[in-house]
Amino acid sequence: MKRVIDIHKKEYDKKPDVLVSAPGRFHLIGEHTWYFKDKTLSMAVDLPVFIAASARQDSSLRFYFHQLNERKRGNVSTLKFRKEDRWANAIKAVIAGFNSCGFECRGMNITVFSEILPSAGFGITTAVKLATALVCKTLFKHPCSDAQILQAIERGNKFFLNTGNYIADLYAALYAQPDTCLLIDHSKNTSTPLPFKFDGYSVLLTDARVPRISVWDEESLRCPENFLLMAELKLQKKGFWVYNDDEDEINDIFSVVTEDTRRRLLCVMKEHHCIMEAADGLRGGDFFSFARAINKSHESMRDLYNISCPEIDWLVKRVLEFEMTTSRKPAACSRITGKGFGRCLYTILKTGDVEEFKKKIAEYERIFGFHPVCYEVKPAGGASILIG
């Protein structure tokens, strides 16, 4: 924290009035199913973003990203999206969202500090947005609720950035608790913390550095017709909803879509089952059930949803070789992660196997020629105001 304060003071010749931190995050399962009002299992991690800010006497905005050594400028009264502003556009979007919600923002000097760059994924851009929102609320003393903060970010995403709004991203950064995962229900807009207490296991995030090339248009799956087809297959059971598993019924309902669409909708159904199985494993402290669900989810992402790649699959396979017993009692789990066609994966394995996994990463680099980066992380709490 002191380092961020010193960096801000050196840049602007003034200590920050507000300092906020927000965690990175990754989605374990379900990041592709939100459109169908399903669930997402997420984890905030100790890859924090810090946003420091001090008030100005004018309407100017000054942005400084320490790790990139980049500076950007803007003005509250004439906020514009500029492609060359890259990371600063996320900050401007939040300010624009606050202004459009009636919460006036004025000039600021802003410092961004993050050891992990937004291009790596892992929820860093979302962390920048949420931390900026808390800065705006605190610095200008806006009496806005969490719901209003989320609404401001949503408006910034929609009208300034022209992008979608994913509540799982925001909820994980805002509502996470230490040593937990977060089960987010998109049909109810709720989040439930689940304990992540697997003693003797470590969590690793790996950016495989494979070029992010889209192989199909994911938005093509998200249409009203497909939403209605999936709704037909939902059943109430013991107070919860599940997907109908009658193959004849499934085949009949999906008979009107292409084979590719059918496979991907089946994957959405399987993801629901994997999320519930993983959640039960977390509640009961049953690593085998949890890991089995994670591994099955990666298989679906690879075989049905078609978003994995040989490089990611090679790394996942190496993980599953650790102390392999049976598929019903896996000693480790690994899965591709990231919205769209992300080329990152997470791995949860015995702490004693971490160094051996890192050797596999070195082998991966020799075989495929990419230069991966691996982070050992822990479940973290949500965003917090450190000064202000």
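A residue counts as buried when its relative accessible area is under 20%. By that cut-off arginine 318 is buried, because its relative accessibility comes to 13%. The model in question is a predicted one, and arginine 318 is a handy place to start looking around it.

Arginine 318 turns up in two kinds of contact. Its side chain meets that of glutamate 321 in a salt bridge, with 2.8 Å from N to O. The charged end of arginine 318 also sits over the ring of tryptophan 314, 4.8 Å from the ring's centre. Glutamate 321, for its part, is partly exposed, with a relative accessible area of 39%. A second arginine is placed over a tryptophan elsewhere: arginine 264 lies over the face of tryptophan 216, at 3.7 Å from the ring centre.

Side chains of opposite charge can pair when their charged atoms come close. In total, the structure holds 23 salt bridges. One of them joins arginine 25 to aspartate 169, at 3.2 Å from N to O. Arginine 25 belongs to strand β1 (residues 18-29) and aspartate 169 to helix α5 (residues 167-175), so this bridge ties together parts that lie 144 residues apart in sequence. Both ends are out of the way: arginine 25 is buried at 8% relative accessible area, and aspartate 169 is buried at 4%.

The salt bridge between aspartate 17 and lysine 14 has its closest N and O atoms 3.7 Å apart. Here aspartate 17 is partly exposed, with a relative accessible area of 32%, and lysine 14 is partly exposed too, at 34%. Moving on to shared partners, Glu31, Glu271 and Arg335 are joined by their salt bridges into one network.

Aromatic contacts come next. A pair of aromatic rings is described by the distance of the centres and the angle of the planes. Across the whole structure, 22 aromatic pairs are found. In one of these, the rings of phenylalanine 196 and phenylalanine 290 have centres 6.1 Å apart and planes at 75 degrees, so the pair is edge-to-face. This pair links distant parts of the chain, since phenylalanine 196 lies in the loop between β7 (190-195) and β8 (201-207), whereas phenylalanine 290 is in helix α9 (residues 287-305), 94 residues apart. Phenylalanine 196 is buried at 8% relative accessible area, and phenylalanine 290 is buried at 0%.

Helix α9 supplies a ring to another pair as well, with phenylalanine 287 facing tyrosine 201 of strand β8, 86 residues apart. In this case the ring centres are 3.9 Å apart and the planes are at 25 degrees, so the pair is stacked. Phenylalanine 287 is buried, with a relative accessible area of 6%. Further aromatic residues gather elsewhere: Trp34, Tyr35, Phe36, Tyr166 and Phe227 form one aromatic cluster.

That leaves the empty space. A search of the whole structure finds one cavity of 30 Å³ or more, and the largest cavity holds about 40 Å³ of space. Ten residues line the largest cavity, and the closest to its centre are Glu31, Trp34, Thr40, Tyr166 and Ala168. Some of these names have come up already: Trp34 and Tyr166 are members of the aromatic cluster, and Glu31 belongs to the salt-bridge network. Taken by type, the lining is a mix of three nonpolar, four polar and three charged residues.

Note on methods. Residues numbered from 1 in each chain as written. Predicted model: local features only at pLDDT ≥ 70, side-chain atom pairs only at ≥ 80, totals over all residues. Heavy atoms only, no water. 1 Å grid on protein atoms, 1.4 Å probe; cavity = no way out; pocket = protein on both sides within 12 Å on 5 of 7 lines; lining within 4 Å. Points joined across faces, edges and corners; volume = space filled by probe spheres on them. Nonpolar A, V, L, I, M, F, W, Y, C, P; charged D, E, K, R; others polar. Phe/Tyr/Trp six-rings, centres within 6.5 Å; stacked < 30°, edge-to-face > 60°. Helix = DSSP H or I, 4+ residues; strand = E, 2+ residues; numbered from the N terminus. Buried < 20%, exposed > 50% of the residue type's maximum accessible area, 1.4 Å probe, protein only. Lys NZ or Arg CZ within 6 Å of the ring centre and 35° of its normal. Salt bridge = Lys/Arg side-chain N within 4 Å of Asp/Glu carboxyl O.
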